[in-house]
Amino acid sequence: MTNKQVAIRVIKRLQDNGYQALLAGGCVRDMLLGRRASDYDIATDARPEEVIELFKRTLKVGVKFGVVIVLIEGGQVEVATFRTEADYADGRRPGAVEFAGAAEDAGRRDFTINGMFFDPLKKEVTDYVDGQADLKRKLVRTIGRPEDRFAEDHLRMLRAVRFSTQLGFAIEPETFAAICGSAKMIKRISGERIAMELEGILVSPNRSEGVSMLIKSGLAEQIFGGFVEWEREFAVGVLGQLPKKVSFSLALAGFFAGCGTKFAVERLHVLRLSRRQSKQIGFLLSHRGRLVDEQMSLAQLKQLLAEPYFEDLYVLQKAIQKTRYGGRKSVGALIRLRKRIKALGDVELRPEPLLNGRDLMRLGAVPGPALGQLAEEMYVAQLEGELKTSKQAEQWVRKWLRRR
Ligand code: ATP
Ligand code: MG
């Protein structure tokens with residue numbers, strides 16, 4: 001059973017037992033737009049205890065907030081009791097929830113397009129917030145006064161930009177003005193949650209527009225700080241030149257493509273990325289320009305090719321070239337690089353060194369920094385194709401030692 005079929009089964013069961021039960025929020029929006037929904041959430045007037053009573057297997061993850069997960073037929077669906085939320089003391093999460101009716105439940109949601117219900121059995125939309133009109137107009141608009149809604153929960157500002165980016169909708173002018181006025185407050189949100197919304201914006205094919213909105217609203221400056229005009233324009237340009245599908249890390253490298261590596265790495269700390277992601281972005285930024293350096297030696301090329309993020313580096317460099325110079329000529333150096341790589345055939349990029357440390361000592365090298373340098377220089381000569389056998393390597397090493 002698909003998630004949708006599971007949700008419909010659960011709704012039927014609830015309705016058969018006299019409860020109100022409807023699809024709610026994002027899945028209704030996506031269905032009305034003819035898009036595939038990422039998950040199907042149910043809203044009901046049944047209390048959590050009543051939901052638990054009705055189904056054999058449930059997860060009581062958020063009973064306090066009125067949320068129960070129902071498991072059937074290998075699928076699962078979130079069932080939430082209609083509620084209002086109150087006491088946003090910290091601008092991050094509600095201090096209390098109160099069970100309520102469907103209209104109040106719609107009213108606590110963030111945007112009109114996210115505030116609708118749908119009965120999949122009667123095929124009927126319930127819309128207390130004029131969401132359908134905004135879907136037609138392609139607008140992201142808060143439910144209620146935007147200043148109040150962003151003061152309650154600051155993350156909604158980034159969510160507005162994310163939905164606008166993903167759906168290709170505009171942000172309604174008053175809503176956008178309120179984001180500009182409240183952007184400072186985004187700093188109170190944890191880096192992890194900021195990163196999650198930012199990822200939604202940056203992996204979208206529409207990322208360039210999304211980042212323009214982050215910049216115009218002041219959110220980008222509040223999150224990262226210290227960009228100069230040129231760097232911002234370059235970011236929007238590079239993001240627009242990246243292919244449709246890219247990873248979050250590659251897009252972040254594109255975002256910082258006009259900045260120094262050290263500056264970028266420091267700014268990125270706030271997002272609390274994984275070590276792997278930070279490493280990847282650091283690699284991409286610190287190796288900018290290398291692929292268009294036509295003086296690059298064979299050994300350097302092989303070492304770069306053996307890097308796990310080589311393909312990402314290539315894609316990033318291509319976007320940088322196009323943004324900086326425009327036209328076909330801008331990628332000429334990259335096309336020549338591709339040819340050079342092709343000519344290498346299937347040569348091994350990271351062969352075993354012809355001689356190991358013990359071999360080097362046997363030949364008279366003394367343990368210490370000089371030994372490391374010798375090993376490295378010999379390996380470069382090997383990658384360059386100057387040394388093909390261990391005999392040749394031994395001769396080369398003897399000469400090296402004699403020169404010292
Ligand atoms: P996606 O397709 O990205 O999952 P979604 O609309 O389902 O989009 P979720 O974050 O899964 O977004 O939230 C589900 C629903 O819960 C939203 O559609 C909205 O009605 C409500 N919601 C989520 N976060 C908030 C919030 N911070 N403030 C108010 N309502 C929210
Ligand atoms: Mg969702």
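## A walk through the predicted chain

Of the 404 residues in the protein chain, 48% count as buried, and since this is a predicted model, every value discussed here is computed from predicted coordinates. The chain is built from 21 helices and 11 strands. Its radius of gyration is 29 Å, whereas the globule rule gives 22 Å for 404 residues, so the chain is more spread out than a compact globule. In keeping with that description, the C-alpha atoms fill a box of roughly 90 × 50 × 40 Å along the principal axes. When contacts with a separation of 6 or more are considered, 66% of them join residues that lie 24 or more positions apart in the protein chain.

The surface and the charges can be taken together. The accessible surface of the protein chain comes to about 20,800 Å², and carbon and sulfur atoms account for 49% of that area. The chain carries 66 positive and 51 negative charges, whose mean positions are 8 Å apart.

Helix 2, which spans residues 26-33, offers a place to begin looking at the interior. Its buried residues are Cys27, Val28, Arg29 and Asp30, and what covers them includes strand 1 (21-24), strand 2 (41-44) and strand 8 (117-119), together with helix 5 (131-137) and helix 7 (155-167). After helix 2 comes glycine 34, which has a positive phi, near 75 degrees.

Threonine 112 is found in the loop between helix 4 (102-108) and strand 8. Although it belongs to a loop, threonine 112 counts as buried, because its relative accessibility is 3%, where the cut-off for burial is under 20%. Leaving aside residues up to four places away in sequence, threonine 112 touches Val129, Asp130, Gly131, Asp134, Arg141, Thr142 and Ile143.

The salt bridges come next. Side chains of opposite charge can pair when their charged atoms come close, and a search of the whole structure finds 23 salt bridges. One of them joins the side chains of arginine 109 and aspartate 105, with an N to O distance of 2.9 Å, and both of these residues are buried.

Another salt bridge links lysine 122 to aspartate 119 at 3.4 Å, again N to O, but here the two partners differ in their surroundings. Lysine 122 is exposed, because its relative accessible area of 56% lies over the 50% cut-off, whereas aspartate 119 is buried, with a relative accessible area of 3%.

A further pair, glutamate 266 and lysine 262, also meets in a salt bridge, with 3.4 Å from N to O. Why can these two side chains be considered on one side of a helix? An α-helix has 3.6 residues a turn, so residues three or four places apart point the same way. Glutamate 266 and lysine 262 are 4 residues apart in helix 14 (residues 261-268), and are therefore separated by about one helical turn. Lysine 262 counts as exposed at 65% relative accessibility, while glutamate 266 is partly exposed, with a relative accessible area of 39%. Elsewhere, salt bridges that share partners join Arg83, Glu85, Asp105, Arg108 and Arg109 into one network, and this network takes in the buried pair of arginine 109 and aspartate 105 described above.

How values were computed: Residues numbered from 1 in each chain as written. Chains lettered and ligands numbered in written order. Predicted model: local features only at pLDDT ≥ 70, side-chain atom pairs only at ≥ 80, totals over all residues. Heavy atoms only, no water. Salt bridge = Lys/Arg side-chain N within 4 Å of Asp/Glu carboxyl O. Buried < 20%, exposed > 50% of the residue type's maximum accessible area, 1.4 Å probe, protein only. Helix = DSSP H or I, 4+ residues; strand = E, 2+ residues; numbered from the N terminus. Rg over C-alpha atoms; globule rule 2.2 N^0.38 Å. Contact = heavy atoms within 4.5 Å. Areas by Shrake-Rupley, 256 points an atom, 1.4 Å probe, with all protein chains shown as cover. Lys, Arg positive; Asp, Glu negative; His and termini not counted. Charge placed at Lys NZ, Arg CZ, Asp CG, Glu CD.
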